[in-house]
Amino acid sequence: MHPSPTPPPRQPLPRVPPGSVLGAVAVLLVVTLVSIAQAPGPLLPPAAQHALGAVGQKVRSAGGTALQSVLPSPRPAAKAPAVDTATINASSQALRDIPSGYLATYVVAAKQCPRLTWQVLAGIGKVETNHGRSQAPGVHSGLNSAGCCAGPMQFNLTNGPPSTWDAFGRGDVYDPADAIPAAARKLCANGLAGPPPPRDACPQVHGPFALHQALLRYNNACWYVHEVVTIAQRYTSPASSTGTPGTSTGKPTAGRAAASHDPFVLALVHNPRITTTTSHGCDPAPDLASGWLDLRVQSILAAVADHYKVRISCLHTGHSKYVKGTTRVSNHTVWRAVDLDQVDDQPVSPTSPAARDLTGWLDGLQGPLRPDEVGSPFPIGHQPFFTDDGHQAHVHIGYSALQ
Ligand SMILES: [Zn+2]
């Protein structure tokens with residue numbers, strides 16, 4: 001969940017004055033937690049672990065760094081029973097990628113909403129926080145960098161009243177055992193339980209109208225709906241999937257890519273505000289059409305094209321395997337980067353206003369769209385931005401592995 005362009009005013013988290021009663025409790029809790037952390041094997045039943053987690057969170061909000069080092073992270077989804085993975089239509093990718101506690105919680109939570117699949121909940125969990133693995137602000141404590149949202153499913157705590165979490169949440173927003181069922185309640189209330197809408201708000205995305213509507217209420221962008229729907233499809237076993245031709249799940253090992261039939265990819269290929277060139281030794285057009293690009297690169301291209309006319313000079317094919325002058329594998333090699341050599345018909349250069357504007361626009365992005373590396377001619381001066389001799393004539397946008 002991410003803020004609209006004009007986010008509501010931030011409400012400060014409650015602060016605990018130094019030396020309060022809670023401070024004394026925190027000291028005791030540190031002792032308790034340290035002894036638990038050092039003890040082998042599970043000492044507490046799941047319900048007790050959950051209760052301890054809730055108390056730990058309140059103390060953690062008070063800002064104790066010593067406590068953070070002994071709190072489990074990410075915390076287990078302790079309420080959900082184990083699931084029989086043979087009966088849930090999970091792909092091998094899903095079983096590899098989703099922590100078992102999260103998987104069980106997604107499966108159980110989805111059952112409360114008849115038209116919701118656990119794979120959709122897992123798709124949201126992947127896009128929002130990589131199933132709680134993200135160490136970004138707001139995932140395990142506090143609020144995200146936009147100052148609104150928190151927990152593994154990134155619920156908004158500061159909108160409303162009532163806030164989205166107050167409307168759908170029960171318990172601890174940072175605990176997947178509470179946050180994932182809340183997300184299921186929200187999706188059901190936002191469209192999955194009622195009649196389908198008369199028109200599809202994201203016609204360039206596979207899937208039912210009602211699901212698109214519910215996901216747009218989670219994050220109001222069709223690239224977001226596409227990411228969640230595509231990941232949900234990848235998490236579904238091929239034998240049970242209804243099939244989405246062209247949404248490739250694997251990466252090519254050799255040879256040229258076949259064109260994808262994913263309507264989102266086709267929309268990018270036919271978007272008049274996105275063109276390609278072979279003038280820099282790369283061949284980006286078939287790469288774009290293949291559907292093999294990381295979903296985040298597909299998403300940033302769709303979002304960029306809403307604001308700028310761009311020309312792609314490199315995606316994957318033709319790029320050197322390593323980052324220039326290093327033995328580090330380039331994000332281009334693993335389909336996670338794009339180079340743009342023209343913005344609004346101007347060649348990218350240190351004196352191009354459009355390229356400078358695009359670079360500043362990238363710096364305003366929050367959440368899943370925010371790049372992990374941006375090379376440009378402009379000295380922005382902070383991460384993830386850099387400039388060097390190799391980035392005077394294009395803007396490079398790259399994403400890191402989600403691990
Ligand atoms: Zn590049």
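**Close-up views of a predicted model**

A337 stands opposite G398 in strand β9, and this pair is a handy place to start exploring this predicted model. For the wider setting, the protein has 14 helices and nine strands. Of its 403 residues, 43% count as buried. Among contacts between residues at least 6 apart in sequence, 62% join residues at least 24 apart.

**View 1. Strand β9 pairs with β5 and with β7.** Start with β9, which covers residues 395–398. Strand β5 (residues 337–343) runs antiparallel to β9, and four bridges join the two. Besides A337 facing G398, you can look for V338, which stands opposite I397. Strand β7 (residues 373–375) is also antiparallel to β9, with three bridges between them. Here, find G375, whose bridge partner in β9 is H396. Which way do the residues of β9 point? V395 and I397 point one way, while H396 and G398 point the other way, and all of them are buried.

**View 2. Strand β5 with its partners β4 and β6.** Is β5 enclosed or open? Seven of the seven residues of β5 are buried, so this strand is largely enclosed by the rest of the structure. Strand β4 (residues 310–314) runs antiparallel to β5, joined to it by four bridges. In this pairing, R311 stands opposite Q342. Q342 also stands opposite P347 in β6, so it is worth finding this residue in both pairings. Strand β6 (residues 346–347) pairs with β5 in the antiparallel sense over two bridges. Together, β5 and β6 form a hairpin with two residues between them. Look in the turn for D344, which has a positive phi of about 50°.

**View 3. Helix α5 packs against helix α6.** Two packed helices are described by the angle between their axes and the distance between the axes. Helix α5 (residues 100–110) and α6 pack at an angle of about 130°, with their axes 8 Å apart. That angle makes α5 oblique to α6. The crossing of these two helices is right-handed. Which residues of α5 and α6 meet? From α5 come Y102, Y106, V107, A109 and A110, and from α6 come W118, L121, A122 and G125. Sorted by class, the residues of this contact are eight nonpolar, one polar and no charged.

**View 4. Helix α6 packs against helix α8.** Now follow α6 (residues 118–129) to helix α8 (residues 176–192), where the two pack at an angle of about 120° and their axes lie 11 Å apart. This makes α6 oblique to α8. The crossing of α6 and α8 is right-handed. On the α6 side you can pick out L121, I124 and G125, which meet I180, A183 and A184 in α8. This contact has five nonpolar residues, one polar residue and no charged ones. L121 and G125 are also among the α6 residues that meet α5.

**View 5. G138 in the loop between α6 and β1.** The last view visits G138, found in the loop between α6 and β1 (149–150). Is G138 buried or exposed? G138 is buried, because 22 other C-beta atoms lie within 10 Å. Leaving aside residues up to four places away in sequence, G138 touches L143, N144, C149 and A150. You can also look for G151, which is 13 residues from G138 along the chain, with 6.2 Å separating their C-alpha atoms.

Notes
Residues numbered from 1 in each chain as written. Predicted model: local features only at pLDDT ≥ 70, side-chain atom pairs only at ≥ 80, totals over all residues. Axes fitted to C-alpha atoms, helices over the stretch in contact; angles between N-to-C directions. Parallel < 35°, antiparallel > 145°, perpendicular 65-115°, else oblique. Left-handed = near helix turned anticlockwise from the far one by under 90°. Contact = placed C-beta atoms within 7 Å. Nonpolar A, V, L, I, M, F, W, Y, C, P; charged D, E, K, R; others polar. Buried ≥ 20, exposed ≤ 12 C-beta atoms within 10 Å, placed from the backbone. Pairing = 2+ DSSP bridges.
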